[in-house]
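Here is a walk through one chain, starting at a single loop residue and working out to the open and closed spaces. Keep the viewer open as you read.

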Amino acid sequence: MKKRFGFILAISVLASAYLAGCGKKSADEMQKTDDASQTETDSEGGETTGTDSGNVNLRFWCDEDEMALFQEQIDAFVSDHKSEVTMKVECEPIAASECKDVLLADVNNGADVFCLPDDQLLTMVSSGVLEEITNADTIAAANLEGAVEAASVDGKMYAYPLTADNGYFLYYDKAYFTKQDVQTLDRILEICAQNGKKFAMDWSSGWYLYSFFGNTGLTLQLNEDGLTNFCDWNQAEGEITGLDVAKGMLSIARNPGFLNTPAAAAAVKDGAAIAAVSGVWDIATVKQAFGEDYGACKMPTYTCAGKQVQMSSFTGYRLLGVNAYSKQKVWAEKLAEYLSGEESQKLRFERAERGPSNKNASASDEISKNAAISAALEQAEFGVLQKVGQKYWDPITEFGNTMAAGNPSRIPLQDLLDQMVGKITE
């Protein structure tokens, strides 16, 4: 199930105003200034800072736990080009989740190349920090369709796909479940209850709760203004209604085998949960807890409107961006292309179990043997990119917590749905 969302026009205007108010130069103006400075420096016989010769200094941002591997790959890149330039790349620990805020605070002093989750792309593009990448056709052809979509705005690529694993799926303990058992949530809950164990999932997060609504024919999407949402999750007519989804969720919540927790991996670790919804970031914890019985697969189906509905998900991708304000943009692009290339992605999988977005790397035998990465890639077929306005998060959290508690105040479910949708679409 794939959806495309409109370009964030309003954010573009606001971001442009912000940058203009701070006296920022456009990328083109910066490049002209750099070219002029380079000409002046060259004429004096001093150090050059161009893209074809002399010294090249770049800054790279990534999560701290990934620095060692990225540094190894960066060192290889520098070595490959030592006959062309004297290059230095400084690797700095800036979390991908914080990249947008840190970079937009001072784009001129930000990294030349940086990691970012796909949900930051639109803001980066509309702010002028990311420009359309060169060699886009080649990059697109080498990567999975979903990853290319995640790196694109209005059909143009603005970043380099790096991973295809930033979503969620089901972990389970093979000592309790067969592969057939984990196909339906009904059976999972039944086995959990019979054994005094739990199926753990976070219902306080709209990221996970999308899974119940996303594959029902009901719609949530970003409006053309890039700020507000369209949502019909309270729809009272159709093959599956919002009320059907709410009833299905309430049935799950009241099952003794269900556990609502924002720390699903912790529930697995302490032995309370034998099945849990999470992502690749919890591979090590779950592997240690389940040992040789460790298993992972796509999300199960759940009972809704008297039928089995495949649970959906928000899919996520990690990207590499090149700062439009970089003084060494050509070399920054070369570095980004190298770090996101097939061989680099293969190495990241081998060393850190990060799911590749590259087609060849993701099709390898090693990937098929890795339960979590295979599960993430399989679940991506039933997911959509997370493109929602800010008003989505608080109302869905309130709704999820109410449902997880079993709707203790006995508020009519349709009223709960109407209230939630009204706030989401404000």
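Ser340 sits in the loop that links α13 (329-339) to α14 (342-352). Bear in mind that this is a predicted model. Is Ser340 buried or exposed? Its relative accessibility is 7%, and since buried means under 20%, Ser340 counts as buried. The side chain of Ser340 reaches back to the backbone oxygen of Ala336, at 2.7 Å. Setting aside neighbours within four places in sequence, Ser340 touches Tyr160, Pro161, Leu162, Leu320 and Gln345.

Another loop residue worth a look is Thr184, found between β7 (169-173) and α8 (185-194). Thr184 has a relative accessibility of 23%, so it counts as partly exposed. A polar atom of the Thr184 side chain lies 3.3 Å from the backbone nitrogen of Arg187. What does Thr184 contact beyond its neighbours within four places in sequence? The answer is Pro300, Thr301 and Gln308. Val309 is 125 residues away from Thr184 in sequence, yet their C-alpha atoms are 9.2 Å apart in space.

Now for the loop between α18 (393-404) and α19 (413-424), which holds Asn407. Arg410 lies in the loop between α18 and α19 too. Asn407 has a phi near 50°, a positive value in a residue other than glycine. For Arg410, also a residue other than glycine, phi is positive as well, near 55°. Their accessibilities tell another story: Asn407 is buried, with a relative accessible area of 4%, whereas Arg410 counts as exposed at 57%.

Next, the helix α17. At its start, a side-chain oxygen of Asn370 comes to within 3.3 Å of the backbone nitrogen of Ala372. Which residues of α17 are buried? They are Ala372, Ile373, Ala375, Ala376, Leu377 and Gln379.

Two of those buried residues, Ala376 and Gln379, turn up again in the lining of the largest cavity. The rest of that lining is made up of Ala164, Asn166, Gly167, Tyr168, Phe169, Ser313, Thr315, Gly316, Tyr317 and Ala380. Two elements, β16 (313-315) and α17 (371-379), each give two or more residues to this lining. By class, the lining splits into 6 nonpolar and 6 polar residues, with no charged ones. The space inside the largest cavity is about 60 Å³, and the count of cavities of 30 Å³ or more comes to 3.

Then there are the open spaces. Here are the two largest pockets side by side.

| Pocket | Volume | Lining residues | Nearest the centre | Classes in the lining |
|---|---|---|---|---|
| Largest | about 1,100 Å³ | 39 residues | Ser97, Pro117, Asp119, Gln120, Asn166 | 17 nonpolar, 10 polar, 12 charged |
| Second largest | about 290 Å³ | 15 residues | Asn57, Leu58, Arg59, Asp112, Lys327 | 3 nonpolar, 7 polar, 5 charged |

In the largest pocket, 39 residues form the lining. The elements that give two or more residues to it are α5 (121-126), α12 (283-290) and α14. So α14 is worth a second visit: the loop with Ser340 leads from α13 to this helix. Asn166 is another name to follow, as it is among the residues nearest the centre of the largest pocket and also lines the largest cavity.

For the second largest pocket, which elements give two or more residues to the lining? Those are β1 (55-62) and β2 (86-93). The largest share, 3 residues, comes from β1.

Finally, step back to the whole chain. It has 19 helices and 18 strands. Of its 426 residues, 54% count as buried. Take the contacts between residues at least 6 apart in sequence: 77% of them join residues at least 24 apart. The chain's accessible surface comes to about 18,200 Å², with 48% of it belonging to carbon and sulfur atoms.

Note on methods:
Residues numbered from 1 in each chain as written. Predicted model: local features only at pLDDT ≥ 70, side-chain atom pairs only at ≥ 80, totals over all residues. Heavy atoms only, no water. 1 Å grid on protein atoms, 1.4 Å probe; cavity = no way out; pocket = protein on both sides within 12 Å on 5 of 7 lines; lining within 4 Å. Points joined across faces, edges and corners; volume = space filled by probe spheres on them. Helix = DSSP H or I, 4+ residues; strand = E, 2+ residues; numbered from the N terminus. Nonpolar A, V, L, I, M, F, W, Y, C, P; charged D, E, K, R; others polar. Buried < 20%, exposed > 50% of the residue type's maximum accessible area, 1.4 Å probe, protein only. Polar contact = N/O pair within 3.5 Å; in protein donor to acceptor, adjacent residues only side chain to side chain. Contact = heavy atoms within 4.5 Å. Areas by Shrake-Rupley, 256 points an atom, 1.4 Å probe, with all protein chains shown as cover.
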